[in-house]
Amino acid sequence: MSEQTQSQRRVVVVGAGMAGVQTAVALREQGFTGGVTVIGAEPHQPYDRPPLSKAVLLGKAEDSAFEVDFESLGIDLRLGREVLGVRPADHELDTAEGPVPYDALVLATGAEPIRLPGAEGVPGVHLLRTLDDAERLRPVLARQHDIVVVGAGWIGAEFATAARGAGCAVTVVEAADRPLAGALPAEVTAPMASWYADAGAVLRTHARVARVEPGAVLLDDGSRLPAGAVVVGIGARPATAWLAGSGIALGPHGDVVADDRLRTSAPDVYAVGDCASFPSGRYGERLLVHHWDNALQGPRTVAANILGEAVGEATAVYDPVPYFWSEQFGRFVQYAGDHAFADTTLWRGEPTGPAWTVCWLRENRLVALLAVGRPRDLAQGRRLIEAGTPMDPALLTDPARPLKTATA
């Protein structure tokens with residue numbers, strides 16, 4: 001493609017979170033000279049989400065805006081704009097301000113929190129997804145309210161940590177029999193249940209919310225929990241309802257179905273980050289990853305393929321080792337890989353202690369690991385997963401031995 005032809009191309013990115021912003025930045029870094037427009041629903045300067053449940057929530061930071069000079073990069077930032085739909089045949093987006101034409105479109109709308117049925121409109125019920133959410137919750141923590149957290153997943157644990165740090169009384173209610181029931185096996189989450197009590201929080205499992213009323217949460221067993229505020233953390237789903245009628249294929253969870261180059265079923269339309277699923281050759285299944293690292297890594301593949309597609313060479317394949325981390329109850333928890341098809345589970349260290357690692361193997365090759373307070377295990381393990389290196393199980397279970405030296 002000639003320089004002139006490339007400079008006439010228009011890439012439009014829907015979503016101004018990590019995935020959207022990084023796609024725009026990656027296009028410029030990889031030499032794209034055409035128009036780049038990023039459309040965001042929120043009016044704020046684009047920002048990073050992980051600090052919302054930590055520094056921003058506790059008032060240690062005002063915001064977490066990305067340090068990106070959009071003007072110098074020639075990125076047209078359109079904030080506070082609602083996108084209504086897309087017409088792939090016309091290569092146009094429909095927005096509240098009118099149609100926006102594109103040559104290539106990137107869907108990066110992320111995920112939205114699942115709301116607690118029956119709790120909409122009840123005063124004092126909060127979600128924690130956006131900067132506005134964090135700003136509404138900040139004075140709640142400052143006033144040291146009794147807080148009920150619904151859901152003992154990653155976000156529930158992180159919020160409970162912050163609330164206890166602010167001096168609030170915290171009760172976490174979880175419908176399942178244990179924390180992180182949807183994310184990790186029972187044997188791995190068992191030691192995590194004690195973290196709540198150690199931090200002075202109450203964890204109630206097998207606890208289903210019957211209804212929420214101002215000042216209280218009622219459980220289906222008749223319990224009534226005082227609640228100056230209720231924070232709901234029961235999961236998230238791809239923010240893709242606006243794609244209805246577009247013809248772009250969606251998966252069973254509302255995810256945009258992308259291929260291994262992050263292309264959707266519509267020509268010249270890509271999807272990246274929390275809103276998209278992709279096939280993993282490494283794990284032999286389709287992955288839907290709602291974590292920060294996926295939103296950081298995927299945009300490089302999208303940018304490379306947008307540039308390559310114009311010359312018939314969309315060759316960059318996306319097949320990462322998924323990675324995420326969580327800071328909760330004074331512990332740094334990291335996970336890499338996918339344990340779904342492991343045939344062996346091995347421990348490094350005692351789960352009753354402050355630092356330990358769980359390793360999942362398939363045919364003696366590491367496929368996933370969870371590291372609590374052992375960041376070196378995570379860093380070395382991630383590389384071993386990527387390389388598919390055969391491991392020696394007997395050496396691997398010695399926590400004093402560096403993971404990288406426990407190979408067969």
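A nonpolar core here is a set of buried Ala, Val, Leu, Ile, Met, Phe, Trp, Tyr and Cys residues joined through side-chain atoms within 4.5 Å. Keep that in mind as you click around, and remember that this is a predicted model.

**Stop one: the core.** Select Ile-147, Phe-159, Leu-184, Trp-360 and Leu-370. In the largest nonpolar core, which has 93 residues, these five touch the most other members. Now zoom in on Ile-147. Leaving aside residues up to four places away in sequence, its contacts are Val-140, Leu-141, Phe-159, Ala-163, Cys-168, Ala-169, Val-170, Thr-171, Ala-229 and Val-231. There is also a second, separate core of 19 residues; to find it, pick Val-12, Leu-107, Ala-266 and Ala-271, which are among its members.

**Stop two: helix 4.** Two of the contacts of Ile-147, Phe-159 and Ala-163, bring you here. Select residues 154-165 and put a ruler between the end C-alpha atoms: they are 17 Å apart, which agrees with the 16 Å that twelve residues should span at 1.5 Å a residue. Colour the buried residues of this helix and you'll light up Trp-154, Gly-156, Ala-157, Glu-158, Phe-159, Ala-160, Ala-162 and Ala-163. Then step just past the end of helix 4 to Gly-167, where phi is positive, at about 90°.

**Stop three: the cysteines.** Go on to Cys-168, which counts as buried because its relative accessibility is 0%. Jump to Cys-275 and it's a similar story: a relative accessible area of 0%, so Cys-275 is buried. How many disulfides should you look for? The count comes to zero.

**Stop four: Ala-303.** You'll find Ala-303 in helix 7, residues 292-309. With a relative accessible area of 0%, Ala-303 is buried. Show Ala-26 as well: the two are 277 residues apart in sequence, yet 5.9 Å apart in space, C-alpha to C-alpha. Besides Ala-26, Ala-303 touches Thr-23, Leu-27 and Gln-30, again not counting residues up to four places away in sequence.

**Last stop: the rings.** Nine aromatic pairs turn up in this model. One to look at is Tyr-323 with Trp-325, a stacked pair with 6.4 Å centre to centre and 25° between the planes. Are these two buried or partly exposed? Buried means under 20%, so Tyr-323, at 13% relative accessibility, counts as buried, while Trp-325, at 23%, counts as partly exposed. Finish by selecting Trp-154, Phe-324, Tyr-335 and Trp-360, a cluster linked by ring pairs. You've met Trp-154 already, among the buried residues of helix 4, and Trp-360 back in the largest core.

Note on methods:
Residues numbered from 1 in each chain as written. Predicted model: local features only at pLDDT ≥ 70, side-chain atom pairs only at ≥ 80, totals over all residues. Heavy atoms only, no water. Buried < 20%, exposed > 50% of the residue type's maximum accessible area, 1.4 Å probe, protein only. Contact = heavy atoms within 4.5 Å. Disulfide = S-S within 2.5 Å. Helix = DSSP H or I, 4+ residues; strand = E, 2+ residues; numbered from the N terminus. Expected span 1.5 Å × (residues − 1). Phe/Tyr/Trp six-rings, centres within 6.5 Å; stacked < 30°, edge-to-face > 60°.
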